[in-house]
Amino acid sequence: MARVLMKGNEAFGEGAIRAGCRYFFGYPITPQSELPHFLAKRLPEIGGVYLQAESEVSAINMVYGAAAAGARVMTSSSSPGISLMQEGISYIVGAQLPCVIINVMRGGPGLGNIAPAQGDYFQATKGGGHGDYKLIVLAPASVQEIITHMQLAFDLADKYRNPVMVVGDGILGQMMEPVDLEGTGGEMAEPSKPWATTGMRGRKERNIVNSLCIVPEENEKNNLQLAAKYGEIQRSEQRWEEYGLDDAEWVLVAFGTVARVAKGVVDKARKEGIAAGLIRPITLWPFPEKAFNKVIDQVKGFLTVEMSLGQMVEDVRLCVQGRQPVRFLGRPGGMVPSVREVYEELKKMAGVKTCG
Amino acid sequence: MAKIFQRPAALTGKAFHYCPGCTHGIVHRIIAQCIDELGIREDTIGVCPVGCSVFAYEYFNCDMIEAAHGRAPAVATGVKRVLPDRVVFTYQGDGDLAAIGTAEVVHAAARGEKITTIFINNAVFGMTGGQMAPTTLVGQKTTTTPKGRDRETTGSPLRVAELLSTVEGAVYVARVSVHNPASVIRAKKAIKKAFEVQLQGLGFAIVEVLSTCPTNWGLSPVEALEWLEKNMVPIFPLGEFRKPAEWDKNGTGEGASC
Amino acid sequence: MLEEVLIAGFGGQGIMSTGQLLAYAGMQEQKHVAWIPSYGPEMRGGTANCGITLSDTPISSPLVTEPTCLLAMNQPSFEKYAPMVVPGGIIFYNSSLINTGGISVPYPIFAIPANAIAEELGNVRVACNVLLGAYLGYSKVIPVDAAVRALEKVLPPHRHKLIPVNQKALEKGAALGREYRKGGA
């Protein structure tokens, strides 16, 4: 099948539609605008609903309602807007509803800027809102992968009745790459949602969507159920990509756009005789600790590269547990590390003398 | 022997937790009667608030959703857009709707969202301990206005029905009270109309219900009813502020219930 | 083959769509491609640039920070980006608007009067495609025909009447590029 050239932001929309999503609620913010533009045009054409809310606070609560009604539903925003959604996300988790949330991350804190960043890693992977909970977090690194991740995101959300966040940044969103849509989407079995509040219509028992659990003993039980679910997700859903890892001595760790830069670094290092490889976490949560355990005895050290002051590096250190050195290179505030600067850092770590 | 009075099918039978003399129970019952009379119980999804009526999902015998504080109109929007042929209502207090959820209700109204909102105005935050609400009267003592609400520093009561009656999408806006049998009967008519507006797909409908809070007002149940009539009704005038234009033309809905 | 092309100029010079044309044509020629626009407030007017990567193998980093080719459409972008071109790279610049000031670089640098040619063709907006044509004619990274064929994919349907003038721009540029290749012009 012919490939088509597509922007990342449009691919989020196309992938969602192919995954059976028909409902979008959101509030405008840069740099994810092409996504709502795309869905505002496409969703009504296929019998879906695109609704621009009055705020991100409302948008995520509309998502809550649509998810409660049993729909595959999504929202999309960028860092400051995602901060506003945290209350609603916590409620969605508490009520065990499935939905997909896109965060096209930008430079912070505060208003920051609209340049690409990864400073929302903690917010995405460590809970984000109030209470003890986790989101499943996917980090695509190409436009093609955005398409497949949208399907995966909706499937995981339904499977675990938990929100799934897909994170990107302005580069991934604005970038155009060829995508092959063959084999994506199409006919799918609508997941059964007997818990949905759709009106009783002959059902004997009322359905109640709720996160209120006033009795501490019962709420503890609820939390422990969530914990069991998260344990299962950690065991079953770790995903990562390995690049040049088989005989790697020096392993770069990076996700999303930065992983693309890191691949460039691996290519360059390999050409110049350094045995470099890359672990690219695809699920930021659950963090792919299995990938680290696999290579821990073979490698000499890890270099984590992020567009932040160092967030994922904490998870890398938790996996490595002091068994190997872990180094960090970060560019915060909307700056993108270049192949050259990461390579220089890698050489330093590998003890290679810098020429010139 | 014919039963002439019984629990509406749209109530579960669980005993209300409300304080003695609180009128939440009356309004719950009115809503349930309307749902029964319209035959919509199995098509209805209710969205309850945060506040005293946070447990409303235990009382209404239909599918229910518990929303975050103030967000019920947004949640109801999500449900209604997915299930446009069902009936969706929100039940919200004055902290929920008129303070933290002002944006949600105004914009649900502006969109002409085809939902029904029942708004309980008792001039005080109940559940959190009797604090000032946006609807608290000037001079009214609350736990956060111990010397009475001072217009100079805390403003004056927000008139939600009047405010929303300026919004085109809010096609039915009424304020009613439940302080005596006559007002209860009028309240029921208005609430039924607010559901009929939705069933006819006309737009957003809201009924503001003046309600009592004997506990936080520091009054007996009877005194509270008297206080409502004497102090709240003059500030929050009762009546229908907006009715669907369609009803004026052909009388649909109007004659059916009023 | 790994080509990293930076196209830069003023907003409104057709920088983005010329870049997309190159990416689309490359894709149709079975190359791995990526297109990335300039990012940040620059998007809102002023300078515009985009990077296009064309490769025989999957593209690691799609960010064009060390271009192998610069297509410069105005003076500021020439001055900013010419020094970034890697050794062994190549520059085509719009000599209608750019004064190189006798710049000395260790790689080929070719003057293309893109605006003048576009004006001759009757539409100054196709100037950037003259530059692209020159690059393709010179480098043969992909055939000029591929870019011509991609026009109907990249131009929205209501602009398809502009396909002939864009085609001429590509071909005029390609002829100049081929001349340069032969050592002429």
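Which domains is chain A divided into? In this predicted model, chain A splits into domain 1, covering 4-236, and domain 2, covering 240-350. Measuring over C-alpha atoms, the centres of the two domains sit 28 Å apart. Where they meet, domain 1 of chain A puts in 27 residues and domain 2 of chain A puts in 22.

Let's stay with the domain 1 side of that contact for a moment. Five elements of chain A each give two or more residues to it: helix 6 (121-125), strand 6 (136-138), strand 7 (163-169), helix 8 (170-174) and helix 9 (216-236). Helix 6 of chain A has the largest share, with four residues. Sort the residues on this side by class and you get 16 nonpolar, eight polar and three charged.

Now for the sheets of chain A. One of them is an open sheet of seven strands, and if you walk across it you meet them in the order 3-2-4-5-7-6-13, with mixed pairing. At the edges stand strand 3 (49-52) and strand 13 (283-285) of chain A; each has a single partner strand, so one side of each has no neighbour in the sheet. Going from strand to neighbouring strand, the turn is 20 degrees on average, with direction ignored.

To see the pairing up close, pick out strand 4 (residues 73-77) and strand 5 (residues 99-105) of chain A. They run parallel and are joined by four bridges. If you'd like a particular pair of residues to look for, Met74(A) has Val100(A) in strand 5 of chain A as its bridge partner. Helix 2 (residues 34-45) of chain A packs on this sheet, where it touches strand 2 (23-26), strand 3, strand 4 and strand 5 of chain A. The direction of helix 2 of chain A makes about 140 degrees with that of strand 3 of chain A.

Another open sheet in chain A has five strands, in the order 10-12-11-14-15, and here too the pairing is mixed. Its edge strands are strand 10 (240-243) and strand 15 (326-330) of chain A, each pairing on one side only. The twist from one strand to the next averages 20 degrees. Strand 10 of chain A pairs with strand 12 (residues 276-281) of chain A in the antiparallel sense, over four bridges. Look for Tyr243(A) there: its bridge partner in strand 12 of chain A is Leu278(A).

Helices pack on this five-stranded sheet as well. Helix 12 (residues 312-320) of chain A touches strand 11 (250-253), strand 14 (301-306) and strand 15 of chain A, and its direction makes about 160 degrees with that of strand 14 of chain A. Helix 13 (residues 339-350) of chain A lies across strand 11, strand 12, strand 14 and strand 15 of chain A, and it runs at about 160 degrees to strand 14 of chain A.

What about the other chains? Two pairs of chains are in contact, and of these, chains A and B share the most contacts. Chain B and chain C, on the other hand, do not touch: their nearest C-alpha atoms are 30 Å apart.

So which residue counts make up the contact of chain A with chain B? There are 33 residues from chain A and 28 from chain B. On the chain B side, strand 1 (44-48), strand 2 (63-66), helix 2 and helix 4 (102-110) each supply at least two residues. Helix 2 of chain B gives the most, with eight residues. By class, this side of chain B has 15 nonpolar, five polar and eight charged residues.

Zoom in on helix 2 (residues 72-82) of chain B and you'll find it packing with helix 3 (residues 56-68) of chain A, at an angle of about 45 degrees and with the axes 6 Å apart. The two helices are therefore oblique to each other, and the crossing is right-handed. Among the residues making this contact are Met62(A), Val63(A) and Tyr64(A) from helix 3 of chain A, and Val75(B), Val79(B) and Arg81(B) from helix 2 of chain B. By class, the contact between these helices has ten nonpolar, five polar and one charged residues.

Strands link the two chains too. Strand 9 (residues 208-209) of chain A pairs with strand 2 of chain B in the parallel sense, over two bridges. Ile208(A) finds its bridge partner there in Met64(B).

Definitions and conventions:
Residues are numbered from 1 along each chain as its sequence is written. Chains are lettered from A and ligands numbered from 1 in the order in which they are written. This is a predicted model: local features need pLDDT of at least 70, side-chain atom pairs count only at pLDDT 80 or more; totals for chains, interfaces and linings use all residues. Axes are lines fitted to C-alpha atoms, for helices over the stretch in contact, and angles run from 0 to 180 degrees between N-to-C directions. Angles under 35 degrees count as roughly parallel, over 145 as roughly antiparallel, 65 to 115 as roughly perpendicular and the rest as oblique. A crossing is left-handed if the near helix is turned anticlockwise from the far one by less than a right angle, and right-handed if clockwise. Two residues are in contact if their C-beta atoms, placed from the backbone, lie within 7 Å. Ala, Val, Leu, Ile, Met, Phe, Trp, Tyr, Cys and Pro count as nonpolar, Asp, Glu, Lys and Arg as charged, and the others, Gly among them, as polar. Two strands pair if DSSP finds at least two bridges between them. Domain bounds come from an automatic or database domain assignment.
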